[in-house]
Structures are given as C-alpha cells and as structure tokens.
Amino acid sequence: MNLQASTLSLAHKASDRMHVCRLCSASLRHTFVDLGMSPPCESFVSREQLDGVEPYYPLHAFVCEECLLVQLGEYISPQAIFEEYAYFSSYSTSWVEHAKNYCQQMAEQLHLDQKSLVVELASNDGYLLQHFIPMNIPALGIEPAANVARVAIEKGVATRIKFFGKTYAGQLATEGLLADLIVGNNVLAQVPDLNDFVAGMVVLLKPEGVITLEFPHLEKLISQGQFDTIYHEHFSYFSLLTIEHLAKKHQLKVIDVEELVTHGGSLRVHLAHVTSARPIQKSVTHIREQEVKAGLEQISTYTAFTHRARKVKRDLLSFLIAAKSAGKTICGYGAPGKGNTLLNYCGIGPDFLDFTVDRNPYKHGRYTPGMHISIEPVEAIDRIKPDYILILPWNLKDEIIKQMHHVREWGAKFIVPIPGVEVIDPRGDEL
Ligand SMILES: [Zn+2]
C-alpha cells in the first residue's frame, strides 16, 4: 500500500470509530455542536514554537439518541494529554477546601475507619486524599501523570502511577485491595474507554461500597450556553439520565445525587452495586424530573444548541468590533482551557485582545494555542490600563471582579461572554 492509500484507510477507520457511541455503541447521527477545527486547548505555545506547525483537530460534539451521551471523537490519545499534566489541583485553594469538606462528609456518612480503604482515580497531586491521612483512613491514589503523582507521594499520599481500567482493578483485587469508597472527580469526562473504566470500578468496589463521581452537569452546559467547556481533553458530557444508562449497563444503581456550584454547575452522583442494601434517595427522582422538564430526553433540545453557540459568537464579535472601531483597548483575563475554545471558535486573536493575563507562572511568556495571544502576569493590566477586560474563566467572574475592583479608577469595564455577552462596570451599574 502506498503512503497516500494507507493514510486514507487510517482516516476512514478513524471516522468509523468517531461515529459510534462510546457508551452504548449506537451510531451517532446527531450533531450537538460543531465548533470547527481547534488546537488542543492546554497546549500553550512558547516563543520558539510560534513559527512552527500547530496540530488542529475537529471539535465536533455529537449526541447519542440511545443513551443521550454528548461526546467528542477520540481525536487525541489520552497518553499524549495526561502523561505530563500541567494542572496541579492544589493551586486552587477553593478546590482544596471543597475536597476537604467532601472527605469529612463521606467519612461520617460511610463510617470509614482504619480498616477501610478509599481509592481516588486520577488523584492528581493528592489534593483530596491528603485529608484522609489525619483521620487514619487508608487511602490510595491512582494517577497516570507521573509529574503530579510524584508530588502526591512526596506529601505522603500512597499513589500508583497507572492508567485505571478493568485489568488494573483486577490486579489490585488480587493484592487484596478492595475499596469502601471510590472517588472520581472530573475524571469520567476524560476517560476514552468509558465501559472499561466503569467495569474496573465495579471490580474494585466492596459489596456495600460506594462510588462518587463529580462532573459538570450537561443540563447546565445546555441551559447556560457553556459551549466553551467543550474541548478535546473532555471526551464526554453527562446528565443523570446518561449516568443511569451507564449504571444499569454495569449492574450499579444511582443511590444519591448532589448539585454543586463547581465548574459552572456540577453533579456528584453516588453509586452502589445493584445488590447492595443501600436505599435510593429522593434526590435521584428529583434531579431526573428536573432533567426531563429541561427537555433532556428529546434530541431536539440538543440539536438546538448550535444556535446558542453561534449567537454568542455573533454578539461577542459585534461588541468587540464596535469597541475596536471606537479606538478602545481590550485585554483578556485568564487563559483557561475553556477560554481557548471560545477564542478559537470566535476567531479572537491579538487583533482584538492586546494580551491576556494569568496567575499561573507556567503560562507567562507563552501564547494561547491557535490564536497566539501573549499571556502576561496579572500586573500587566495595571501598566496598560485597558478600557475592557474580557473574563475567560467566567465561572470565577465574581471572584475576579472583586480582586480587580481597582480598575474602576481608570474607568475599565469587564466583559463576560457566557451565558450571553454582558458588560459589567465595577463602579456599580451593569450596562
Ligand atoms: Zn449511546
């Protein structure tokens, strides 16, 4: 086979695979939203890389009509994303606090003690499991990214550097390691082989054990127009309805659901074996009814989402074009993954934003993927004194506006893009 023919055959295979649901294997016939071609959103570009080639992949999300899972194709290998992960959970103080409260709540609820075992999948730098150590509750982290796992080990959190799945769960079970509690915070979205991952949790879980999973709630993504939370590193987007499909397939049951404010609105679902004596709480019916009322059982609710994303794009560009035509200066605040989806989809480059700022020093001196907007320390805003500041991590807008309140001294205003374009004047009045 010549090179061209083999490339074509590979491309054909890839597209076949992309159009099959990763949960139930049904054909994917409905587009949720197609955000065009985009570079991986965590691949920040150094000055030396500016003249090089940057890989772009489709950012096309589908919805499965059978199990209602919203999903992207696996365009990038998980190994490429996760082996050297730049995100250290402990950088976020509010996230560490959230984790601490969770640990206390679960230790009490499940009566965990020195004979119990808690396992966290994608345990990052030990931001969560560290809270079980002073309670004398044994904890084990499984983390594929070696650099963050090493930080956890240095902190005294037992951690295995492994990709989790059914095979590895079997090995742990052979070692006599079975869990009373399995924790998966914001990991389910990043798992390419969803069924193998869940099958692994079933193997690892004691008969009366509990699994808790946290993930951004698809219902909020849809109702709040959060299309920018779609990026290559997140393969799947879940509702409770889909989690119930997933649970049923693996002989699990959803016993409780909590609504959380994290990441623009998340769910924490509690699962147990179907054979477990644990009762199903009222919260499950309540959230399920809420999703049905929001239209999540109907495909038309999902296919209508494209219009929402396009409207934000038009409104944001209209505002930025008018501001630039009036001679205003604009910068960004933050360089989160979601910001890069927004910037690339809308085509907002240095022609609109002079620069953006971020509190993470790793990003300073680098450029946003695709659009190549330079990332500066936060102090750059005080030096340049822009007229407008576009807040990219809109889920933190209240915190950011409070921290940056002093920009009112020169009359600067904030632009919040999601759920719809909103201009906020820190001197008091919303415009
Ligand atoms: Zn499906």
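Here is a short chat about a zinc site and a helix pair in a predicted model.

Visitor: Which residues are the protein donors of the zinc ion?

Guide: Look for sulfur here: each donor atom is an SG, lying 2.3 Å from the zinc ion. In sequence the donor residues follow the spacing C-x2-C-x39-C-x2-C. The residues are C21, C24, C64 and C67.

Visitor: What arrangement do the 4 donor atoms make around the zinc ion?

Guide: Check the angles: the 4 donor atoms subtend 101 to 118°. Four donors pass the test if all angles lie between 85 and 135 degrees. So the arrangement is tetrahedral.

Visitor: How many residues apart in sequence are the parts that C24 and C64 tie together?

Guide: C24 sits in the loop between helix 1 (3-18) and strand 1 (30-38). C64 sits in the loop between strand 2 (57-63) and strand 3 (70-72). The pair therefore ties together parts whose separation in sequence is 40 residues.

Visitor: Is C64 buried or exposed?

Guide: The cut-off for buried is under 20% relative accessible area. C24, at 28%, is partly exposed. C64 has a relative accessible area of 0%, so C64 is buried.

Visitor: How is helix 8 oriented to helix 9?

Guide: Helix 8 (residues 240-249) and helix 9 (residues 282-293) pack with their axes 9 Å apart, at an angle of about 125°. That angle makes helix 8 oblique to helix 9.

Visitor: Which residues of helix 9 make the contact with helix 8?

Guide: By class, this contact has 4 nonpolar, no polar and 3 charged residues. Helix 8 brings L240, L241 and E244. From helix 9 come V284, I287, R288 and E291.

Conventions
Residues numbered from 1 in each chain as written. Predicted model: local features only at pLDDT ≥ 70, side-chain atom pairs only at ≥ 80, totals over all residues. Heavy atoms only, no water. Donors = N, O, S within 2.8 Å, 3.2 Å for Na, K, Ca; no water. Tetrahedral: all angles 85-135°; square planar, octahedral: opposite > 155°, others 65-115°. Helix = DSSP H or I, 4+ residues; strand = E, 2+ residues; numbered from the N terminus. Buried < 20%, exposed > 50% of the residue type's maximum accessible area, 1.4 Å probe, protein only. Axes fitted to C-alpha atoms, helices over the stretch in contact; angles between N-to-C directions. Parallel < 35°, antiparallel > 145°, perpendicular 65-115°, else oblique. Contact = heavy atoms within 4.5 Å. Nonpolar A, V, L, I, M, F, W, Y, C, P; charged D, E, K, R; others polar.
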